[in-house]
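Biologist: Could you walk me through this protein? I would like to learn the reasons behind the terms.

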Amino acid sequence: IGRQFSTSISKQNAIKNVTVIGGGLMGSGIAQVAAQAGQSVTLVDVSSDVLAKSQKSIGANLGRVAKKLYKDKPEDGEKFVAEALGRIKTATDPGEASKSADLIVEAIVENMDVKHKLFKQLDSAAPAHTILASNTSSLSINEIGSVVKRKDKFGGLHFFNPVPVMRLLEVVKGAETSEDTYKSMMEWGKAVGKTCITCKDTPGFVVNRLLVPYICEAMRLYERGDASARDIDIAMKLGAGYPMGPLELADYVGLDTNKFILDGWHKKFPDQPLFKPIPLLNKLVAEGKLGVKTGEGIYKYDKK
Ligand code: NAI
């Protein structure tokens, strides 16, 4: 009986049409996993060039998935790719693209004013039942949602890069997110293949709230000259069993991204010592040494 009950609930609330706003790194990954799971997806970006690139990269990623799933049946693999791609429409007008959405996931630039402008537009264009969610990494869900009327149907869906590979989804309950909305977001997360965890609207949610101060403490340790960068990374890999050291991770994520998150939190919570600025980080970013993507950060990389 329990199972029948939960099936009927999930059918009632099932999200079938998803609109993803922002066709960059995260948005294209979110569109891919939803399409792979059989959902109808509309991917929106201000730039049609970005949309063309996203479609290309989604196609290439799906090809890799198909190779693994259909090793011995390449023709089934081709069908899988064509069907998933066929479920993704693209658009440049967020209002128009919202009209048939059960869920809208926002993955545009990490800027409060830009997100506010978009969510006001989505709130007035989308049907009453549509859930609105943000994939923000570092901004407050309650603050982003402050501009919408449907506060009960607003929450956070925080994915990790690369979306098709990383298995976690943080489902963020805002102060006014309803239980129904929360359940629908959890079920949708499961349906697109993720393991979901729940948390409140706290800076960085769970993963980044722990990871960013950890990376920052490693930079401070290095800056003080207490140990070399290599030794800090070796220590955490061999002593704590982490797959990457904190300074390697900082370079991989991008030192500009680390600084952006830290500065935002420091501004909001000036008394929190874990969020204090790091002179070394500021210097490297000012010099354009942003990590792997620029060929130099804490470490130097071979430019290809
Ligand atoms: P990105 O720069 O790759 O993509 C953002 C896209 O949004 C761009 O293609 C841009 O043209 C588009 N865009 C900007 N304003 C728009 C608007 N008003 N309407 C429609 N499209 C618009 O950025 P990325 O890395 O995909 O990040 C997107 C969001 O996801 C941010 O909020 C970020 O904090 C969050 N996030 C990023 C992660 C990462 O590892 N990069 C991880 C988890 C979350």
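Here we talk through two helices, a ligand shell and the domains.

Modeller: One thing to keep in mind is that this is a predicted model.

Biologist: Good to know! What makes H2 oblique to H3?

Modeller: Helix H2 (25–36) packs against helix H3 (residues 48–69) at an angle of about 50°, with the axes 10 Å apart. Angles under 35 degrees would be roughly parallel, and 65 to 115 roughly perpendicular. The angle of about 50° fits neither range, so H2 is oblique to H3. The crossing of H2 past H3 is right-handed.

Biologist: Which residues of H2 and H3 make the contact?

Modeller: H2 brings Ser28, Ala31 and Gln32, while H3 brings Ser54, Ser57, Ile58, Asn61 and Leu62. By class, three of the residues in this contact are nonpolar, five are polar and none is charged.

Biologist: Why is Ala31 counted as nonpolar and Ser28 as polar?

Modeller: Ala is on the nonpolar list, so Ala31 goes there; Ser is on neither the nonpolar nor the charged list, so Ser28 counts as polar.

Biologist: And which residues come nearest to the ligand?

Modeller: Of the 25 residues around the ligand, those are Gly22, Gly24, Met26, Ser137 and Asn161. Two or more residues of the shell come from each of H2 and helix H6 (112–125). H2 has the largest share, three residues. The whole shell has 14 nonpolar, nine polar and two charged residues.

Biologist: How many ångströms separate the centres of the domains?

Modeller: The domain assignment gives domain 1 (2–200) and domain 2 (209–294), and their C-alpha centres lie 30 Å apart.

Terms used. Residues numbered from 1 in each chain as written. Predicted model: local features only at pLDDT ≥ 70, side-chain atom pairs only at ≥ 80, totals over all residues. Near = placed C-beta within 6 Å. Helix = DSSP H or I, 4+ residues; strand = E, 2+ residues; numbered from the N terminus. Domains from an automatic or database assignment. Axes fitted to C-alpha atoms, helices over the stretch in contact; angles between N-to-C directions. Parallel < 35°, antiparallel > 145°, perpendicular 65-115°, else oblique. Left-handed = near helix turned anticlockwise from the far one by under 90°. Contact = placed C-beta atoms within 7 Å.
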